[in-house]
Amino acid sequence: MHRLLRFLLVLALLTPGAVMAEDHQGGHEEEHGAHGHGHEAGKELTPEEQRAVNKEFVIHHTKDSYDFGIFSDESTGAHYGFPLPVILWDDGLHVFLSSAFHHGEEVVESNGNHYMLNYHGDGKIYKCDAEGHILEETTVDEETGEVSVAQLAPLDFSITKNVFVSILMCVLLFFVFRGVAKSYKSGLAPSGSAKFFEPIIVFVRDEIARPNIGEKHYKKYMPYLLTVFFFIWFLNLAGMTPLGINVTGNIAFTAALAILTYLITTFTAKKDYWMHIVWMPGVPVPMKIILFPIELLGTIIKPFALMIRLYANMLAGHIVLGMLLVTVFYFGAVAAKGAFIGLTFFLNIIELLVALLQAYIFTMLSALYFGSASEEHDHDHAHAH
Amino acid sequence: MEAVEFIPKLVGAGLVVIGAGIGIGRIGGSAMEAIARQPEATNKIQTAMLIAAALIEGIGFAALFAV
Amino acid sequence: MEKLWNEFSVGLFFWQTLLFLALLFLLRKFAWKPILNAVNEREQKISDSINQAEKAQQELEALKAQNEDLLKEARAERDAMIKDAKATASKMVEDAKTQAKEEGAKLLASARESINAEKAAAITELKTQVASFSIEIAEKVVRGELSSADKQKALADKLVDDINMN
């Protein structure tokens, strides 16, 4: 654990640089954004408008995007970064670079269809006509006669910023841990990066898998637990960089992991697990009947809570940090700016801890669910009391 | 959303968050006491504390997202 | 809940699942298995070595105990030997002493015997010589005294009395 602490300390010490860079970037967008709007309207923003702009700025940075934006200058409208491929399925494959959208300003024509990016709205791609009007589909419910209007959106399989970062992290994880694995070929003692990662791997095995799953079954869950732990941790840490990455605070990402945990729990479950759901042993029959739907619901609520927990924690962390950084530009006084930079620095360190903690909790609870699924025990004995 | 419709939801969510906060606080406090009483069991107590806190936290988030 | 669903992106979900499964598969094959195997192997080795060390320690202890026993035995033997030797020596001394005493006693006895014999011989010789001296003296006295018959008789009686007193 000492090594881990040292690593965290070094990261924490490196954070001020990251914070400065981040608020510098934020500041540019923020200030110029505000001024830009002000010039357009020809007047200073009211506090309510300023608040709305700030909110949009922060929320925008927690969202996925179709390009990898590093820096943007809204006074000139210039965006620095690189575009990522957009892949759409709409009666055929449409592939083009996200730069074609010009940040929502232009309509893209691909194989006869027109698409536009709702940049200032929900940030999604919609099907439109050549003039940029979103196509709508009107359906009339035959029974009630209600008319519902749905905006047409293609199936979107784009390599977004989150997917791109995830690919990078996958590659990084693969090379890091293959390196660790290779280092054992020269001798059984850990060397190089293995010195840092081995205690963590052993921690996952001895503190997470073994006590929660049991000596008998823990081995087959180890690859999943280790992968999920390091994947979440690395992506959380990637979210701490000033690049505005927020993969783990995205509901689709956490849903993917939670569903995998649910599937593994369900498909490796032993007879006892189902017995506890369908016919809870050791309680009276009416209670068994009441417990059945509750337990069944519980199996779905557990991974659902897993999904929400990671998503909400990471998103909340990003929003709080973003809001604090925006506040730095709210004040004119240097002392106030400094105080808020300090506060942001402090919260950054807490977020570093949260990054590790959330990875740990996700892995821990997954292990707990696997443990309950693979548990085999003597009913008469266990429920006699 | 109408304000009248919004207020009960917010109040409900607030109550849930207060409850979750009290719960997590109690867990933390009890864990501290337990660690003070049995420092050699720190690891086990911490693990149990984190799990319990995480489960309550999940309920708090569920309330927030139900709004 | 609505907000959650609005934020959910099917494409991102698809890619994340795919990426995670790929990562899981690759890491399982190229990282976790070798790492966990190596760690297990090392732990096995360590526990084996500890067991072996303990065993060696026990053996050493047993050897030590054996040595101690041997030493004790040797010491006991030595003690016994010394005791024996002492006993033998004292016995020898005792024997020598008794022999010497006996010899001495014998010597003493024979000396006494010879002294007694000598004494007896000397007395006898003395007696004989005294007798011969007496006779000589008597002869001389008799020659002088026997000038008269009375004198002769009286002298002879007196002499005989003197001899008896010795």
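Hi everyone. Before I show you anything, one definition: a cavity here is a set of grid points where a 1.4 Å probe fits but cannot get out, and its lining residues have an atom within 4 Å of a point. Please also keep in mind that this is a predicted model.

So, how many cavities of 30 Å³ or more are there? The count comes to three. I'd like to look at the second largest, which holds about 70 Å³ of space. Its lining is made up of A:T261, A:Y262, A:T265, A:T266, A:Y273, A:T299, A:K302, A:P303, A:Y369 and A:S372. Sorted by class, that gives four nonpolar, five polar and one charged residues. Where does the lining come from? Helix 6 (251-267), helix 8 (285-328) and helix 9 (334-374) of chain A each bring at least two residues. Helix 6 of chain A gives the most, with four.

Now to the rings. Across all chains, a search of the whole structure turns up 28 aromatic pairs. One of them is A:F82 with A:F164, an edge-to-face pair at 5.6 Å centre to centre and 75° between the planes. A:F82 sits in strand 2 (residues 78-83) of chain A and A:F164 in helix 3 (residues 161-183) of chain A, so this pair ties together parts that are 82 residues apart in sequence. Both rings are partly exposed: A:F82 has 34% relative accessibility, and A:F164 has 23%.

Staying with helix 3 of chain A, we come to A:F174. This ring meets C:F30 edge-to-face, 5.7 Å centre to centre, with 90° between the planes. Because C:F30 belongs to helix 2 of chain C, the pair joins two chains. Buried or exposed, what is A:F174? Buried, at 14% relative accessible area, whereas C:F30 is partly exposed at 35%.

There is also a cluster of rings linked by pairs: A:F177, A:F196, A:F197, A:F229, A:F230, A:W233, A:F234 and C:W32. And for those of you who like a charge over a ring, A:K161 lies over the face of A:F68, 5.7 Å from the ring centre.

Last stop, back in chain C. C:Q16 is found in helix 2 (residues 10-145) of that chain. With a relative accessible area of 1%, C:Q16 is buried, since the limit is under 20%. Which residues does C:Q16 touch, leaving out those up to four places away in sequence? They are A:N162, A:S166, A:F231, A:V247, A:F253 and A:A256.

That's my tour. Thanks for listening, and I'm happy to rotate the model for anyone who wants a second look!

Notes. Residues numbered from 1 in each chain as written. Chains lettered and ligands numbered in written order. Predicted model: local features only at pLDDT ≥ 70, side-chain atom pairs only at ≥ 80, totals over all residues. Heavy atoms only, no water. Buried < 20%, exposed > 50% of the residue type's maximum accessible area, 1.4 Å probe, protein only. Contact = heavy atoms within 4.5 Å. Phe/Tyr/Trp six-rings, centres within 6.5 Å; stacked < 30°, edge-to-face > 60°. Lys NZ or Arg CZ within 6 Å of the ring centre and 35° of its normal. 1 Å grid on protein atoms, 1.4 Å probe; cavity = no way out; pocket = protein on both sides within 12 Å on 5 of 7 lines; lining within 4 Å. Points joined across faces, edges and corners; volume = space filled by probe spheres on them. Nonpolar A, V, L, I, M, F, W, Y, C, P; charged D, E, K, R; others polar.
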